[in-house]
Amino acid sequence: MLRDMFKKTYTLIDTKYRSQARQEPNVPEGLWRKCRKCGEPIYGEDVKNNYYICPKCKAYFRVHAMRRIEITADKGTFREWNREMEFSNPLDFPGYEEKVQAAREKTRLNEAVVTGQCLIQGEKAAVAVCDARFLMSSMGHVVGEKITLMVERATREGLPVIIFACSGGARMQEGCVSLMQMAKTSGAIKRHHQAGNLFVSVLTDPTTGGVTASFAMLGDIILAEPGALIGFAGPRVIQQTIGQKLPEGFQKAEFLVEHGFVDRIVPREEMKETLGRILKMHARSGQEAEAGLKGEVNVETILPGVETAAGAVDKSEDELPQGGKTAWDHVQLSRKSDRPVAGDYIEEIFDEFMELRGDRYFGDDGAIIGGIAMFHGRPVTVIGQQKGKTTKENISRNFGMPSPEGYRKALRLMKQAEKFGRPVICFVDTPGAFCGIEAEERGQGEAIARNLFEMSDLKVPILSIVIGEGGSGGALALAVANEVWMLENAVYSVLSPEGFASILWKDSKRADEAAEVMKVTARDLLRLGIIEDLIPEKTPASGDNLGEIAMEMDKRIGNFLGKYGKMSSGELQAHRYERFRRI
Amino acid sequence: MFTKILVANRGEIAVRIIRACREMGIKTVAVYSEADRESLHTLLADEAICIGPAASTESYLNMERIISATVAAKAEAIHPGFGFLSENARFAELCQKCNITFIGPSPELIHKMGNKSEARKTMMEAGIPVVPGSKEPVYKAEEAKAMAEKIGYPVMIKASSGGGGKGMRISWGPEDFEANFQNAQMESVKGFSDDTMYLERYIEKPRHIEFQIMADKFGHVVHLGERDCSIQRRHQKVLEESPSIAISKELRKKMGDTAVKAARAVGYENAGTIEFLLDKNKNFYFMEMNTRIQVEHPVTEMVTGLDLIIEQIRVAAGEPLSVTQDQVKIRGHAIECRINAENPAKHFMPCPGLITNVHTPGGNGVRVDSHIYSDYRVPPNYDSMLLKLIVHGKDRKSAIAKMRSALGELVIEGIETNLDFQYEIMNHEAFLEGDTDTHFIPTYFPEYGK
């Protein structure tokens, strides 16, 4: 009602305030950026201070190589290697030199990758960082050469390698010379690996083509930034070829985790800290394990340490705590929904557990969790069959029934432990390996067999603790260990008592009787010499006494590592072989 | 001097700034949200630019849009008013970068004074008395408890980023300390994503006395006397007076000099307010510095005869202060009552809606600063303040009489307001006697103090 009723400012009065013309307001170039995801204008400073993440929609911007180093390396510690490399045009491709020249001017970089050394949270590492602004960071001769030179030097100096990958793939203008860089870099990574050195691959948006199909996928640990596009063929090419719409999230980092190719997605603001932790967990200070790897085999000295069925039988009855429970009571207790699961023990006993995911073939199995953790300052690999606590969790964990990809993940982590001389500690808790069509299609039997085969001569100590159900081959695939322990109320059996009753007596209702005759309890198995130790539960394990039980485990694990940590790899292998050989 | 100023605010203060500009012959640009199409500041300004939807984050707090509007309208300066972006160092910095004058202090100063622990430290270094308390920020309850023992109970627990009573608790002794600390910290983490806390001695029954400061680019700093803002409800000011009944001429000089010293210590420029706590024994302690114009600035204007907004604009344009300290004279007594769209019967719940009828008082020494009019719909998205009624009399008694009369004449129909509550206060014996410390409302209006 008051619209257009007011008189506006009468500007002729008050001339004494008039003064010299001022410069007009303007927004300086580059003050704002427009987010490509949400389209909102954002303040450049904010983006810079926020790890190049859109402060409004949290989208990730691509980071220039030097900026990446700035946010990753400890201040002032980066030293560039092989900065100036001569331009090469192997095919004499017309216009190529001009193109590279233009990219050099635009990026002020010599080529699409920057290599060098730096400290990350005080740990020294060799790094390579790709820069997407430089011809989409495609891998030509110079890129391949710089990466290879960096890896070779790191191998010589025993440095861990970290590569921030980002690439459109091969450098088309260099034809087959570009293709060969894939083999060259992969070869260098293989030598680095053979020498027992760490390689962490960090996949950033986009990592595709020949880079994905070479060094980027070869990390001991593969990290990825959230939402990064990672694939061999680009999504557009795939879509055109197969003539189908691609599913939501196809080839994103999250998709790769789900399909077993990426260990962890690490938000950019946590990347430095995560890399620092990984480097510390692989620091070369604790060399005792490596010394062990080279040690001579002396079977005689270790055999007394092997407790066999014969050796254990004379353990008198009264040494074993009497629970006053039937075997069936134990079976039921081992399955109770409030019983702590592997993750609970891992959290209680170890520090800084860093979960690593995926089998690198097909998927990541929620029924098995694994990764690196610290045990009183010493890195160890921990693997556990993980049940859920709620229905939803149980579905994602498949009720603790691993699929072949779970066993393959476990084996991958054990091999990684072997490479870096870390003891392996397994928590067994499964009704059995997953019984289903897909599991058979992907070779459930093969996966279990492969674990028994490989674990039998793993060069590092293995300890397995049955914390709940030890269901048959599915449990054994994590229990070819130097010692196997059980919680007092855990069970370990060739088959579920229900299955046993139904096969032998055609009546699954007689499971309680079956449990008794099958000798599945910790006490029975200790007597039989199948296991080495029993961890008492004063009251059945639950959230209430988890701390108490974990403390006891902690003590015993300490003793275990003290004892087996002294053995050479040969002794460990022989010990493990004899342990099963004598049964 | 500027030829055009953009007013980055709404409501009563935007109107106030537009009027000052008009008086100076400066053109004005209003910015408004979609909810404020019919708001008085939108209608009154020479130009008006819509800067987004009703939510303040999308409009009055959206720096990019306000800067873009300023560039588009070719305004040379932005007046931020109070609230919104007025104490946002980032915004002040952006203005600087875009060749726009931010009418207020420098971004560095805003930042420095906005961080309460840093402000306190700066003031201590400058020799300004502060309430005994933690020198360093504290994060853990046990550490804080040890500190509290040293400071002496009762202790006030405050969140570094807190404000308006949020993240603030009083502990009367070691037995209730930890619970209070944790509650305050949780509130701060929730509200401001900051767990930085600090402690200070809790001053019982204090008065909230603040000194108005004006400073120019040439190093001139004056104080314009005090405002007594002790009458508060849940740490929100209800009414303000100048001068304070609790302050003698000598004390005014002492506190004023201290305020000037504090402003000088940080190299202050433009309008600012130094807040003090004054205890029963007339000891005063620095609390914080507000780096903007305050809601209650009119009471200072009434007793000093200065126009603070005009002064702000002049100083920002590089002109010297129009008065020296000697020329500042406090004449008579002024009171301001804040009239809000809130229902005292329902815990002062905000009650926006359509105002069907307004009648404002007038006459000698009566001033109304407001953006409301008949048929104006108060949007639910913003602060509930509707109107400031200010009176000026020859002394406190006559000012109170004038305020009673003016409140009695003020009519706002259609929505609930706190008008009657203000009327009750103004007619209360204790108010007349000047028993006005910060516990006035809980003591005399316990049903409203909650």
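This report looks at how two chains meet in a predicted model, and at two places where helices pack inside a chain.

**Where the chains meet**

Let us start with the boundary between chain A and chain B. On one side, 30 residues of chain A take part, and they are in contact with 39 residues of chain B. The size of an interface is often given as the accessible area lost when the parts come together. For chain A with chain B, the area buried between them is about 3000 Å², and 54% of it lies on carbon and sulfur atoms.

What links cross this boundary? The rule finds 4 salt bridges across the interface of chain A and chain B. One of them joins the side chains of E40(A) and R65(B), at 3.9 Å from N to O. There are also 12 residue pairs in polar contact across the interface, counting pairs with both residues at pLDDT 80 or more.

Which elements of chain A give two or more residues to the side that touches chain B? They are β2 (41–43) and α1 (44–49) of chain A. Of the elements, α1(A) gives the most to this side, with 3 residues. Sorted by class, the residues on the side of chain A that touches chain B are 13 nonpolar, 6 polar and 11 charged.

**Two helix pairs**

Now for the helices. The table sets out one pair from chain B and one pair from chain A.

| Helix pair | Axes come within | Crossing angle |
|---|---|---|
| α4(B) (residues 89–97) and α5(B) (residues 107–114) | 8 Å | roughly 175° |
| α2(A) (residues 65–72) and α9(A) (residues 268–281) | 9 Å | roughly 60° |

Take the chain B pair to begin with. Why are α4(B) and α5(B) described as roughly antiparallel? Their axes cross at roughly 175°, and angles over 145 degrees count as roughly antiparallel, so the two helices fit that description. On α4(B), the contact is made by A89(B), A92(B), E93(B) and Q96(B), while α5(B) brings P107(B), I110(B) and H111(B). By class, this contact has 4 nonpolar, 2 polar and 1 charged residues.

The chain A pair has its axes crossing at roughly 60°, and that makes α2(A) oblique to α9(A). Which residues meet here? From α2(A) come R68(A), I71(A) and T72(A), and they meet R268(A), K272(A) and L275(A) of α9(A). The residues of this contact divide into 2 nonpolar, 1 polar and 3 charged.

Conventions
Residues are numbered from 1 along each chain as its sequence is written. Chains are lettered from A and ligands numbered from 1 in the order in which they are written. This is a predicted model: local features need pLDDT of at least 70, side-chain atom pairs count only at pLDDT 80 or more; totals for chains, interfaces and linings use all residues. Side-chain values use heavy atoms; hydrogens and water are left out. Contact means heavy atoms within 4.5 Å. Buried area is the accessible area (1.4 Å probe) that two parts lose on being put together, summed over both. A polar contact is a pair of N or O atoms within 3.5 Å; within protein, one must be able to donate a hydrogen and the other to accept it, and residues adjacent in sequence count only if both atoms are side-chain atoms. Helices (H or I, at least four residues) and strands (E, at least two) are DSSP runs, numbered from the N terminus. Ala, Val, Leu, Ile, Met, Phe, Trp, Tyr, Cys and Pro count as nonpolar, Asp, Glu, Lys and Arg as charged, and the others, Gly among them, as polar. Axes are lines fitted to C-alpha atoms, for helices over the stretch in contact, and angles run from 0 to 180 degrees between N-to-C directions. Angles under 35 degrees count as roughly parallel, over 145 as roughly antiparallel, 65 to 115 as roughly perpendicular and the rest as oblique.
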